[in-house]
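Subject: Structure handover and notes

Hello,

Here is the structure we spoke about. My notes follow below it.

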Amino acid sequence: MKKKLLLLGDEAIAMAALNSGISGVYAYPGTPSTEITEFIQGSKTAKENGVHSKWCTNEKTAMEAALGVSYVGRRAMVCMKHVGMNVAADAFVNSGITGANGGVVVVAADDPSMHSSQNEQDSRFYGKFAFIPVFEPSSQQEAYDMTRYAFEFSEKMGTPVLLRITTRMAHSRAVVEVDDSYGKKADLHFPANPMNWVLLPANSKRRYAEVLELNKKLADISDNSDYNRYIDGPDRSMGIIACGIAYNYLMENMKHGCNYPVLKISQYPFPKAMISRMASECDSILVLEEGQPLLEEYLRGILDNGIKIYGRLSGEVPRTGELNADNIKPAIGLGEVPSSVIPDVVVNRPPALCQGCGHRDVYASLNEALKEYPDHKVFSDIGCYTLGALPPFRAIDSTVDMGASITMAKGASDAGFFPAVAVIGDSTFTHSGITGLLDAANSNANITVVISDNLTTGMTGGQDSAGTGKLERICEAVGVEKEHIRVVVPLAKNMDEIKKVIKEELDYKGVSVIIPRRECIQTFSRKARQKKAQQE
Amino acid sequence: MKKDIILAGVGGQGILSIATIIGEAAMNCGLNIKQAEVHGMSQRGGDVQSNLRISSAPILSDLIPLRGADIIISLEPMESLRYLPFLAENGWVVTNSEPFINIPNYPETDAVMAELKKVKNLVVLDVDKIAKECGNPRAANMVLLGAATPYLGMDMARIEEGIESIFARKGHEVVESNVKALRAGRAVAESK
Ligand SMILES: Cc1ncc(C[n+]2csc(CCOP(=O)(O)OP(=O)(O)O)c2C)c(N)n1
């Protein structure tokens, strides 16, 4: 049975995974990928069929768990935001060598224009790097269909598959036709050649050769894939290659059909024969791709002495940021980008920490306590508390990648700097902070670490945090002295006490950890509302 | 039929509930829909917007092009101005009149109103006040939606059915009071 639902791209992917009979979804939250896992967590079908959906501690543990599922013959999906791919990279790249037994689909949600991210890295590079085929849907329906297909493809070809989406695909709703049933899990069964999973050099060398052969086959398949389409046109002065969602922005401008030949690409490795056809039949090629100019760079090469190529690198299309139907206009000969000047009275409205948020009290007290040390540096991390960089607090000096606060403070201290303070959230601490704290404890670095514990993963909407209830024990176990693990309650009335604790720990020459603990105001009020609703 | 709608407001004001109801109504009319929302960073009291596109023809881009929006519906006056470059020549702005001030440099209200007055097709109303008068202070969004209904190109009945299916599980009374707020909003637009 088929039914039509209004779904986010993320939800369409989740639905497809359930219909494909996954054994579990493995993920760490990250905008714009979070709703995939949340959809499965809220699904009755998933519950009835025992589909695993608990959040993982980070993207690497997620990817590895999925490989375990695959090894025993079942299907798994892994979801993350683009920067999560960096964390999962060791497992991901090596999974290109082991290959897959049960189907593995990795969803990487890129965020061009950096709506809520540190960079706009393009996950397609990872596919290329790991010899893993990539699917890039252009509509929510395609996201659903491709996810279904990707699981079958993964098993048939014996390789994990990367599904690359972007913010607009993830967070846009459309009507999607979906199946009505949960796919059945496969019976447990092991890899045909178990040695493929033992990546000792002898096995890896053999596998590498096999993977390179497979890659040729995958390229041929791309050339014949239904997801890559060559649509001929009469005006061959230019051919247009549109990857993934870029196709929509092109066609938005070409409501009555495109005069130029168009190649829509949604399956990688690149369809070489189709691209060669365009190069031989057209005088020039325009490349429209969301994210970084991956294909354009390949086509151009270093020498750039072939057919004329237009795109992000040549300046016809903006070098950075998301594409849209407006900013590609000059490149397709439709004149200038329309003006987007807003009235002068309109001012920016930057995001801020919520009123009543415990992070506010943490920064207020930290700023006070650090007044005595005008040259202090506060290395921070990624989460709601990163907003402490903005006025009124202006309390932090760095935010780089998850976990970097503790290790950067350690490095600064190693290099002779004092006072080096780290501020990290509870979920970020368990994601990537624990190993850094172990380093710091092992070398008795002179740092003060604040783990601002709001008992949730706040920034991404309040998911469970892996270390809740265990933080003191974790810190003690990695070697922080018990007397220098201090728990406080971040409330205005406790300001003097917190300041005193911070000062004492700054004075201590070694690793100290201060844990201000108070529940996130958002999860707190959500629970209160739910409770009220239940009573009504 | 094609309507491109920009919904605007400040994180936490709940613009998405308006999108949900229009989306529901459009689906019941058998129309195509795309609705792009913003999640994450910008929800912490920052500006938020959603692009809602409904059309009898297939919709390609998830985003509304510049000068393409038929309506801007905004829960906050300054936020409605932020998206003016997207407003089509004959497009409408339907906005709440009451500023949401959570930044130190919020402009003078008079300056915001003066800028708004320059918009050719404009409906400004105090949605909170009207919602209170209707006896449901939580239905301010529905008042705003109501004021936009004359320009949505869909039957009022379809929108009311949308409200019904979204609020049905909260009981008949909640549905009724939201529909009442919707009608009160529409009355303001019609008296223009
Ligand atoms: C590698 C990576 N994964 C995920 C994210 C998305 N992300 C940013 S902040 C955050 C949550 C941080 O939670 P926590 O440390 O508890 O701080 P809070 O937001 O609750 O203050 C997540 C998941 C990211 N930026 N990088």
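The interface comes first: 38 residues of chain B and 43 residues of chain A take part in the contact. Please keep in mind that this is a predicted model.

Interface of chains A and B

Between chain B and chain A, about 3600 Å² is buried, and carbon and sulfur atoms supply 60% of that area. The rule finds 4 salt bridges across the interface. One of the salt bridges joins the side chains of B:Glu76 and A:Arg349, with an N to O distance of 3.2 Å. Polar contacts between the two chains come to 16 residue pairs, counted where both residues have pLDDT 80 or more.

On the side of chain B that touches chain A, the elements giving two or more residues are helix H1 (15-28), strand E2 (32-36), strand E3 (47-55), helix H2 (77-82) and helix H3 (109-117) of chain B. By residue type, that side of chain B splits into 18 nonpolar, 9 polar and 11 charged.

Strand pairing also crosses between the chains. Strand E7 of chain A (residues 172-179) pairs with E2(B) in the antiparallel sense, over 3 bridges. Within this pairing, A:Ala174 has B:Lys34 in E2(B) as its bridge partner.

Sheet in chain A

Chain A has an open sheet of 6 strands in the order E2-E3-E4-E6-E5-E11, and its pairing is mixed. The edges are strand E2 (22-27) and strand E11 (267-268) of chain A; each has a single partner strand, so one side of each lacks a neighbour in the sheet. Strands E4 (residues 104-110) and E6 (residues 161-166) of chain A run parallel and are joined by 6 bridges. In this pair, A:Ala109 is matched with A:Ile165 in E6(A) as its bridge partner.

Helix H1 of chain A

Helix H1 of chain A covers residues 9-19, and 11 of its 11 residues are buried. The buried residues include A:Asp10, A:Glu11 and A:Asn19, along with A:Ile13, A:Met15 and A:Leu18. Just after H1(A), A:Gly21 has a positive phi of about 75°.

Loop between E16 and H16 of chain A

Two residues of this loop are worth a note. A:Gln463 sits between strand E16 (447-452) and helix H16 (471-478) of chain A. Is A:Gln463 buried or exposed? Its relative accessibility is 3%, so A:Gln463 counts as buried. The side chain of A:Gln463 makes a polar contact of 2.7 Å with the side chain of A:Thr460. Leaving aside residues up to four places away in sequence, A:Gln463 touches A:Pro29, A:Thr34, A:Glu38, A:Trp55, A:Thr456 and A:Thr457.

A:Ser465 lies in the loop between E16 and H16 of chain A. A:Ser465 counts as buried because its relative accessibility is 8%, and the cut-off for buried is under 20%. With residues up to four places away in sequence again set aside, A:Ser465 touches A:Asp426, A:Ser427, A:Leu455, A:Thr456 and A:Thr457. A:Thr456 and A:Thr457 are thus listed for A:Gln463 and for A:Ser465. From C-alpha to C-alpha, A:Ser465 and A:Asp223 are 44 Å apart in space, with their positions 242 residues apart in sequence.

Regards

Note on methods
Residues numbered from 1 in each chain as written. Chains lettered and ligands numbered in written order. Predicted model: local features only at pLDDT ≥ 70, side-chain atom pairs only at ≥ 80, totals over all residues. Heavy atoms only, no water. Buried < 20%, exposed > 50% of the residue type's maximum accessible area, 1.4 Å probe, protein only. Helix = DSSP H or I, 4+ residues; strand = E, 2+ residues; numbered from the N terminus. Contact = heavy atoms within 4.5 Å. Buried area = accessible area lost by both parts, 1.4 Å probe. Polar contact = N/O pair within 3.5 Å; in protein donor to acceptor, adjacent residues only side chain to side chain. Nonpolar A, V, L, I, M, F, W, Y, C, P; charged D, E, K, R; others polar. Pairing = 2+ DSSP bridges.
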